[in-house]
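Got a few minutes to walk through a fold and its charged pairs? Have a look at the model below, and then we'll go through it in questions and answers.

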Amino acid sequence: RDVINGKTTFTVISDDGRIKLTGSGMETDDRGVERYSIQEGDPLSADVSIQRTLEYQRDDWQVRIETNSRMTSDAATFTINNVMHAYEGSIRVFSKSWDFSVPRDHV
């Protein structure tokens, strides 16, 4: 909490570690950072961003998905921005970004 500027930020860091499934030999890894913030006295300043990395590997095969999402709002709408990248090994094989708004409907 920044008491001088009146901004509160809550950060959640998750890391499940690398897990190996003994039956199949599949390894998984799931890491993420979630950040929630709001400016005191300004409920429309609420902001959430989530970054996540998922990895799957077995023998020489390895894939990774990275996502970045953010949601903000104004008096009428929630605005969501997303970016996703997918990799085979170190080569990016797919990317997509999309933005959309959802009416708040008195929320």
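**Charged pairs across the strands**

Asp30 counts as partly exposed, because its relative accessibility is 21%. Keep in mind that this is a predicted model.

Q: Which residue's side chain meets that of Asp30 in a salt bridge?
A: Start with where the two ends sit: Asp30 is in strand β2 (residues 27-39), and the other end is in strand β3, 22 residues apart. The N to O distance is 3.0 Å. The partner is partly exposed too, at 24% relative accessibility. That partner is Arg52.

Q: Is Glu55 buried or exposed?
A: Glu55 lies in strand β3, which covers residues 42-58. The cut-off for buried is under 20% relative accessible area. Glu55 comes in at 9%, so this residue counts as buried.

Q: Which side chains make polar contacts with the side chain of Glu55?
A: Leaving out residues up to four places away in sequence, Glu55 touches a set that includes Thr28, Gln62, Val63 and Arg64. For polar contacts between side chains, one is at 3.0 Å and another at 3.2 Å. The 3.0 Å one goes to Arg18, and the 3.2 Å one goes to Arg31.

Q: How many residues apart are Arg18 and Glu55?
A: These two form a salt bridge, with their closest N and O atoms 3.0 Å apart. The pair links distant parts of the chain, as Arg18 is in strand β1 (residues 7-20) and Glu55 is in strand β3. Arg18 counts as partly exposed because its relative accessibility is 38%. Along the chain, the separation is 37 residues.

Q: Which residues are linked with Arg18 and Glu55 in a network of salt bridges?
A: Side chains of opposite charge can pair when their charged atoms come close. Here Glu55 touches Glu27, Asp29 and Arg31, among others. Along with Arg18 and Glu55, the network takes in Glu27, Asp29 and Arg31.

Q: How far apart are the closest N and O atoms of Asp47 and Arg70?
A: This salt bridge also links distant parts of the chain: Asp47 is in strand β3 and Arg70 in strand β4 (residues 61-73), 23 residues apart. Asp47 counts as buried because its relative accessibility is 18%, while Arg70 is partly exposed, with a relative accessible area of 42%. Their closest N and O atoms are 2.3 Å apart.

Q: How many salt bridges does a search of the whole structure find?
A: We've already met several of them, including Asp30 with Arg52 and Asp47 with Arg70. Arg18 with Glu55 is another one. The search of the whole structure turns up eight.

Q: Which strands stand at the edges of the sheet?
A: The open sheet has six strands in the order β1-β2-β3-β4-β5-β6, with antiparallel pairing. An edge strand here has a single partner, so one side is left without a neighbour in the sheet. Neighbouring strands are turned by 10 degrees against each other on average, direction ignored. The strands at the edges are β1 and β6 (91-103).

Q: What is the bridge partner of Met84 in β6?
A: Strands of a sheet pair through backbone hydrogen bonds, either parallel or antiparallel. Strand β5 (residues 77-88) and β6 run antiparallel, joined by twelve bridges. For Met84, the partner in β6 is Lys96.

Key: Residues are numbered from 1 along each chain as its sequence is written. This is a predicted model: local features need pLDDT of at least 70, side-chain atom pairs count only at pLDDT 80 or more; totals for chains, interfaces and linings use all residues. Side-chain values use heavy atoms; hydrogens and water are left out. Helices (H or I, at least four residues) and strands (E, at least two) are DSSP runs, numbered from the N terminus. Buried means under 20% relative accessible area, exposed over 50%, partly exposed in between (1.4 Å probe, protein chains only). A polar contact is a pair of N or O atoms within 3.5 Å; within protein, one must be able to donate a hydrogen and the other to accept it, and residues adjacent in sequence count only if both atoms are side-chain atoms. Contact means heavy atoms within 4.5 Å. A salt bridge is a side-chain nitrogen of Lys or Arg within 4 Å of a carboxyl oxygen of Asp or Glu. Two strands pair if DSSP finds at least two bridges between them. Axes are lines fitted to C-alpha atoms, for helices over the stretch in contact, and angles run from 0 to 180 degrees between N-to-C directions.
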